[in-house]
Amino acid sequence: MRPILMKGHERPLTFLKYNREGDLLFSCAKDHNPTVWFADNGERLGTFRGHNGAVWSCDVSRDSLQLITGSADQTAKLWNVKSGNQLYTFNFDSPARSVDFSVGDKLALITTDPFMELSSAIHVKRIARDPADQSGKSVLVLKGPQGRINRAVWGPLNKTIISAGEDAVVRIWDTETGTLLKESDREIGHKRPITSLTKSTDGSHFITGSVDKSAKLWDTRSLTLIKTYVTERPVNAVAMSPLLDHVVLGGGQDASAVTTTDHRAGKFEAKFYDKILQEEIGGVKGHFGPINALAFNPDGKSFSSGGEDGYVRLHHFDPDYFNIKI
Amino acid sequence: MGDVMTMRDVEARAAVAGIDLSNLDLDSIQLPPGEDFGIISDDEDVYQEEQLDFDTGFGNIIVVDHIPIVTREKFEKLEGVIRKIYNQMGVIKEDGLWMPVDPETEKTLGYCFIEFNTPQEAEQAKEKTNGYKLDRSHIFVVSMFDDFDRFMRVPDKWAPPEIKPYAPGENLQRWLTDEKARDQFVIRAGSDTEVFWNDARQLKPDLVYKRAFWTESFVQWSPLGTYLATVHRQGAAVWGGASSFDRLMRYAHPQVKLIDFSPGEKYLVTYSSHEPSNPRDANRIVINIFDVRSGKVMRDFKGSADDFAIGGAGGVTGVSWPIFRWSGGKEDKYFAKLGKNMISVYETETFSLIDKKSLKVESVMDFSWSPTDPILALFVPELGSGNQPARVSLLQIPCKEELRQKNLFSVSDCKMYWQSNGDYLAVKVDRYTKTKKSTYTGFELFRIKERDIPIEVLELDNKNDKIIAFAWEPKGHRFAIIHGDSPRPDVSFYSMKTAHNSGRVSKLDTLKGKQANALFWSPAGHYIILAGLKGFNGQLEFYNVDELETMATAEHFMATDIEWDPTGRYVVTSVTSVHHEMENGFNVWSFNGKLLYRILKDHFFQFLWRPRPPSFLSPEKEEEIAKNLKKYSKKYEAEDQDVSLQLSEQDREKRRAMKDEWEKWISEWKRLHEEGKLERQKLRDGEASDEEEEYEAKEVEVEEVVDVSEEVSFEYAS
């Protein structure tokens, strides 16, 4: 498997997202320009210029026409994917981190970091069909969790919002009333901050990665812990294959300790686990910094990883990958 | 701080201090050793009583008896004399000296009370002046004031001690009777201490006992594996059994730092070092020797650190542990301590010096006991700037008779290595070259068990090679040496026997350019691990010395420690957090270098196999078994087979269960997804396509004409 190296960012990658068709790959990095690539050959299609800070995450609408990005410049922006133009800017008083379009793309959630006296929050915005009608008003604001929310996504049928962050707890919120419905059990849940959260394609379950060197698979509706994947490194990014029963964990030691350790000790590998048996199947090496972002192509035949080293590596699986037996 | 705060108080306090509690990782907080912030551990209750006494009592007052009885005229003079004596011991409190006077005779009563600033000073004063001769008829008897209570409580009549009915305890050797003949080990990671069986057949450890905050600094098995010792602020404790790990005995020794068992585990030596009240003084050292089973203090040693610092006349700053080295063998008969120009040998019957005096050896640098016999080997460096040669001599104890002596010239240093049966002693001698600018190394090999103890000199093929490591084969006649230059040194194997003439040492083989800096023989001999620890990143080579061939090479990245299990069947390499903060944990290997399983643990501190007592089989019987191993092993092979079959069956079963459970989830999700279909469609403004998960890849071939150019070629007929 020979990866395609995509060098377009000058700073560490933060997030990767495929569109529904799997022909476009959106990448966010700590440089200010989210970038879109052709997902088959890694050619750069364009960049979205306008942010003035690190871009933490993005989401693309189902019809691949609109992109939303959350940035440390205290804004979230809507973009026209085709033209690269800004459609609207949501202003906040603290850095925006996680963004997610709802089912139907009529709503979007944006999380903001704790900043000065402000605590972290999840804002729900209505996305107007015509950008001219777009307003910055929040439909709903959820507050409560201590510390940063690293990732929040919509639950099934937009009835719930699932959030996870630095306090190591996964929470499910009711979008109707704004109340907290469920909290993950602290005994069996993560012990250290959760860095990443990714839903399955049908949204029925999701996986969380944590600094506690493990990833956990949860049921979206009942918040039941189904599986735990244990590794040797803090997990920064998680992804699930839409095709096979595989999960991928990416991570590596803290970026601050990279220069003081041997490259072999770094283990900047994307590790594949059997989703059901929780056993490690293999790894994909290559990055020379921790992996910060992972995404599967919706067809399950390729995946890409983004690292602290500023590269996106696009991997098309070899035929024998599809016949792995353990 | 002792009172309990509610969570709300804690949160309020944290808010005031500006601490975000959710950001706080409680697991990462570790109390500094010796400090509990008023949180009482469950071991404390028993010690509490004694502690209180010490703090609120009259611990800093001493009573000096047998001082002269004087009249009022001489009172002040006597007081002056006593004050002068005791002012040297410490600071006497204001009005701290009280000499009672008989109101009738107006004479003193022959005793006085002195109050010092600290109990330590008082104790020191008591130790130093008890028996002080003021003059011929006045020899001081000094006691602690607190002791009077105790003396008073002694009943006048002797009462026979109450005989407690015998309470049957657990068989402390039961762990040896494990049906699968497994070995136990203890690990310490974070605040937890855990004891496991090494279940190599199942490729996993099997938890026996787990306890958080079991010890305050480290744990240690006794040499025969009967006890596990833990260390606490108030003293040491031992625990035993196969699975219950009940506390068997406690040994009170405040602020104990180090412990050491005698080889027959009859005695436990504990050590503590205390800051002096006067910063210019050396630390005060307290050593207690306990009887392990009764918990009684057999002998205590107190003094300044200088008295216990060893290292000949020059004096090495610091105390090397163990201070007391025990004579080999299970009898625990003798123990010895190195002092300035002497070796003090004690025997355990009376816990006093043999012949009531230490062994005088001018400038002795080092000594070591034979692991089996009461024989001391000692090393004396060159004296009188080379006029008197350095020497190594062997002494028989208790008669102190010199068995053998060897003079050595231009020596810079000596190190002694005993073979585990006490058959051989190798002395590594570093000598100066003629220019005195560099050193080279040779070995003097003593055959202890042969008549007259013949000595043989061994020099390496290349005399200038630096010696990196030396190790005897346990119970064997071979030894291994790592020598040469550091990046890729050589490893050589020697035997004390040769095929024809058994009295000569012979080289077996030299392996060139190995990445190794440490040698780990299997406790059963035959096999050795050449390890490149730390600087060499954890390179391991499993080597068979019988066949002189490498069985396996492996790497445990950044491994810091290697421990063979007591039977020599398994070996563990570990990365402890003392040296390396990442990938802490341990790997368990078979003796021939097959990785069996690995366990990762954050904040991993210690791995220790539980030692086994020596086998009761005679050497002949052992040999017989080794010869007919096939016959004996058959039974176990069958068992192994069964287990592995069972294991794969279990594994399959487990996998099936997991798959089934997963299928259940999937079907549940499918159903719920189906239920939400209409609603989803509505959310998507009626877009019917609900096949987002059943993605279909369509291959569309597109032909694109990039460029068309016409080329005309000519061909010339020649």
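**Exercise 1. Leaving aside its neighbours within four places in sequence, find out which residues B:Ser492 is in contact with, and decide whether B:Ser492 is buried or exposed.**

Step 1. Start with the neighbours: once you skip anything within four places in sequence, B:Ser492 is in contact with B:Phe479, B:Ala480, B:Ile481, B:His483, B:Asp509 and B:Thr510. Keep in mind that you're looking at a predicted model.

Step 2. Place the residue. B:Ser492 sits in strand β33 of chain B, which runs over residues 490-495.

Step 3. Check the side chain. It makes a polar contact of 2.9 Å with the side chain of B:Thr510, a residue that also turned up in the contact list.

Step 4. Now the verdict. The relative accessible area of B:Ser492 is 1%. Buried means under 20%, so B:Ser492 is buried.

**Exercise 2. Work out where A:His287 is placed and which side chains it joins in polar contacts.**

Step 1. Look between the strands: A:His287 is in the loop between β25 (280-284) and β26 (291-296) of chain A.

Step 2. Ask how much of it is accessible. With a relative accessible area of 7%, A:His287 counts as buried.

Step 3. Find the polar partners. The side chain of A:His287 has a polar contact of 2.9 Å with that of A:Ser305, and another of 3.0 Å with that of A:Asp309.

Step 4. Add the wider surroundings. Not counting residues up to four places away in sequence, A:His287 touches several residues, including A:Phe268, A:Tyr311 and A:Arg313.

Step 5. Compare with the record. An unreviewed UniProt entry carries the annotation "repeat: WD" for several stretches of chain A, one of them residues 284-314. Over residues 284-314, the chain is 52% strand and 0% helix, and the end C-alpha atoms are 11 Å apart.

**Exercise 3. Describe the contact between chain A and chain B: how many residues does each chain give, and how much area is buried?**

Step 1. Count the residues: 45 come from chain A and 33 from chain B.

Step 2. Get the area. About 3,500 Å² is buried between the two chains, and carbon and sulfur atoms give 55% of that.

Step 3. Look at the polar side of things. Between chain A and chain B there are six salt bridges. The interface also has seven residue pairs in polar contact.

Step 4. Sort the chain A side by class: nine residues are nonpolar, 12 are polar and 24 are charged.

**Exercise 4. Trace salt bridges that cross between chain A and chain B, and say where the partners sit.**

Step 1. Recall the idea: side chains of opposite charge can pair when their charged atoms come close.

Step 2. Take A:Lys159 and B:Glu679, whose closest N and O atoms are 3.1 Å apart. This pair runs from the loop between β14 (149-154) and β15 (160-165) of chain A to helix α9 (residues 677-683) of chain B. A:Lys159 is partly exposed at 44% relative accessibility, and B:Glu679 is partly exposed at 33%.

Step 3. Next, B:Asp602 and A:Lys213 meet at 2.9 Å, N to O. B:Asp602 is in the loop between β42 (595-600) and β43 (604-609) of chain B, while A:Lys213 is in the loop between β19 (205-210) and β20 of chain A.

Step 4. Check for a network: salt bridges with shared partners join A:Glu232, A:Lys271, A:Glu280 and B:Arg598.

Step 5. Finish with A:Lys106 and B:Asp685, whose side chains form a salt bridge of 3.0 Å, N to O.

Terms used. Residues are numbered from 1 along each chain as its sequence is written. Chains are lettered from A and ligands numbered from 1 in the order in which they are written. This is a predicted model: local features need pLDDT of at least 70, side-chain atom pairs count only at pLDDT 80 or more; totals for chains, interfaces and linings use all residues. Side-chain values use heavy atoms; hydrogens and water are left out. UniProt positions are given in the numbering used here, feature names are shortened, and annotations may be inferred rather than shown by experiment. Helices (H or I, at least four residues) and strands (E, at least two) are DSSP runs, numbered from the N terminus. Contact means heavy atoms within 4.5 Å. Buried area is the accessible area (1.4 Å probe) that two parts lose on being put together, summed over both. A salt bridge is a side-chain nitrogen of Lys or Arg within 4 Å of a carboxyl oxygen of Asp or Glu. A polar contact is a pair of N or O atoms within 3.5 Å; within protein, one must be able to donate a hydrogen and the other to accept it, and residues adjacent in sequence count only if both atoms are side-chain atoms. Ala, Val, Leu, Ile, Met, Phe, Trp, Tyr, Cys and Pro count as nonpolar, Asp, Glu, Lys and Arg as charged, and the others, Gly among them, as polar. Buried means under 20% relative accessible area, exposed over 50%, partly exposed in between (1.4 Å probe, protein chains only).
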